[in-house]
Amino acid sequence: MLYVSTRGGGPAVTFSAALLAGLAPDGGLYVPARWPQLSVSDFDGCTSLAEVAGALIAPFAAGDPLADELADMTAEACAIPAPLVPVGRGAGYSVLELFHGPTAAFKDFGAQFLAACMTRLRPAGARPLEILVATSGDTGGAVAAAFHGRAGIRVGVLFPQGLVSPLQQQQLTCWGDNVQAFAVRGSFDDCQRLVKAAFVDPQLRQRFDRSSANSINLGRLLPQAAYHAATALAVWREQGVKPSFVIPSGNLGNALACIWARHVGLPIGDIVLAHNANRAVADYLDGKPWQPRRSIATLASAMDVGDPSNMERLQALFPALPDLQAAVTAQVVDDGAIRQRISADYAAYGAIWCPHTATAAEVMARMPAARKARGPWIIVATAHPAKFSEIVAPLIGRAVPVPESLARLYQRPSASRPLEPRLEALRAALIDGDPAPGNTP
Ligand SMILES: *Cc1c(COP(=O)(O)O)cnc(C)c1O
């Protein structure tokens, strides 16, 4: 299987090459040159998430050096449970909980798989691989957790100082060892700019191999397709019907993965994108011109994306707007509705949603009965509510129970290194590179 850029430039590359590069050289995103076609019977005998992931990803990795190791890699990355849980009586839908990983959000799945791949792609005796991530919240923590302790790989996490929540900061700065956290005196955009500049810097290139682990990486998308696939197969086998999904969406990585799973033949019905007040995608699906915009800050902050990069992959799959409109629909949920939904569903069902998951719950609450009856419907819970307890607890009038994985992480000592938003500063920090914790926060 080869991969090509959504912008059509550059040569077709292997699975491994697409994974290591992240972005195509022409700035586009990698997509399969040809789509595999699978049927439900291709998954006969696959019941666990790891087995489904292995069967689903196999054609995507066909012919690649990593293909032989796929079973081990999926076993490693899919050890995180992804249970489908009924919501209280009368709700009429279930929730796919993707928050049982080390940083309690769905990004753990993709980060773990990418780490499993990259570790195996390092030739023995290779120079250190430096992975840089700019993060405004969840991604950096998941990547740091996944790569922590892996030999031959260092991770640099750049976050805007003072602009992430204290809990988010703890998840970025609690690792030590081969993970360095940089508190950049600037904005998220400064962090991103620094990562891009470091990527093409000749002095750094001399010292390290570099890679990115950002959310457009193919290695993060495929395991996300796998949990949608495994869930859909379980429902199909049990009830003989295709489940439909409502997916809280920002950069569209999670939703695109579900769309890819359906595209290659998994039994998935409707796919509905639940957006916060960042409405670029919803407006486009309504027939307005494509209009990327600045992101606006909302309670569902991990979805504050005004110009989702995976839109390019969606348009590559459905170049004609009517086809795209037939493939997905979208709804916008503002902060007021998020708040109300968190309170209302706790009162009605005892369900506790994070603000992101609440956008999907709100889409369900608004859904006309006739459409709902064509279910079964599943909402995707993208993060544990305890990660957002400062928002959630006052709305439900009680503390949010903290899962053990998060509690452990909150107890680790934290350290970060302040960084001026200039390439020279980052270069010096990486080269002098004392990866041990203990620098002043
Ligand atoms: C990243 C994230 C999202 C948005 O996912 P996309 O793949 O960017 O659409 C939603 N919820 C949470 C908790 C996230 O961390």
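**Packing and aromatic pairs in a predicted model**

Hi everyone. Let's begin with one residue, Ser-16: its relative accessibility is 8%, so Ser-16 counts as buried, the limit for buried being under 20%. Please keep in mind that what we're looking at is a predicted model. Ser-16 sits in helix H1. What does Ser-16 touch, leaving out residues up to four places away in sequence? The contacts are Asp-64, Pro-65, Leu-66 and Leu-121.

Now to helix H3, which covers residues 70-77. Which of its residues are buried? They are Leu-70, Met-73, Thr-74 and Ala-77. If you look down the axis of H3, these buried residues fall within an arc of 95 degrees, so they line one face of the helix. Here is a handy bit of background: an α-helix has 3.6 residues a turn, so residues three or four places apart point the same way. And what do the buried residues of H3 pack against? Their partners are helix H2, residues 49-61, and helix H4, residues 107-121.

Next, the aromatic rings. How many aromatic pairs does a search of the whole structure find? The search gives 6. I'll show you two.

One is formed by Tyr-3 and Phe-15, and this pair is tilted: the centres are 6.2 Å apart, with 45 degrees between the planes. Tyr-3 belongs to strand S1, residues 3-5, and Phe-15 to helix H1, residues 15-21, so this pair links distant parts of the chain, 12 residues apart. Are these two rings buried or exposed? Tyr-3 has 0% relative accessibility, so Tyr-3 counts as buried. Phe-15 is also at 0% and counts as buried.

The other pair is Trp-35 with Trp-260, and it is edge-to-face, at 5.1 Å centre to centre and 80 degrees between the planes. Where do the two partners lie? Trp-35 is in the loop between strand S2 (30-32) and H2, while Trp-260 is in helix H10, residues 253-263, so the pair ties together parts that are 225 residues apart in sequence. For Trp-35, the relative accessibility is 25%, so this residue counts as partly exposed. Trp-260, with a relative accessible area of 2%, is buried. Together with Phe-60, these two tryptophans form one aromatic cluster.

So, to find these places yourselves, start at Ser-16 in helix H1, move on to the buried residues of H3, and then look for the cluster of Trp-35, Phe-60 and Trp-260. Thanks for listening!

Technical notes
Residues are numbered from 1 along each chain as its sequence is written. This is a predicted model: local features need pLDDT of at least 70, side-chain atom pairs count only at pLDDT 80 or more; totals for chains, interfaces and linings use all residues. Side-chain values use heavy atoms; hydrogens and water are left out. Buried means under 20% relative accessible area, exposed over 50%, partly exposed in between (1.4 Å probe, protein chains only). Helices (H or I, at least four residues) and strands (E, at least two) are DSSP runs, numbered from the N terminus. The arc is that of the directions from the helix axis to the C-beta atoms. Contact means heavy atoms within 4.5 Å. Rings of Phe, Tyr and Trp (its six-membered ring) pair if their centres lie within 6.5 Å; planes under 30 degrees apart count as stacked, over 60 as edge-to-face and the rest as tilted.
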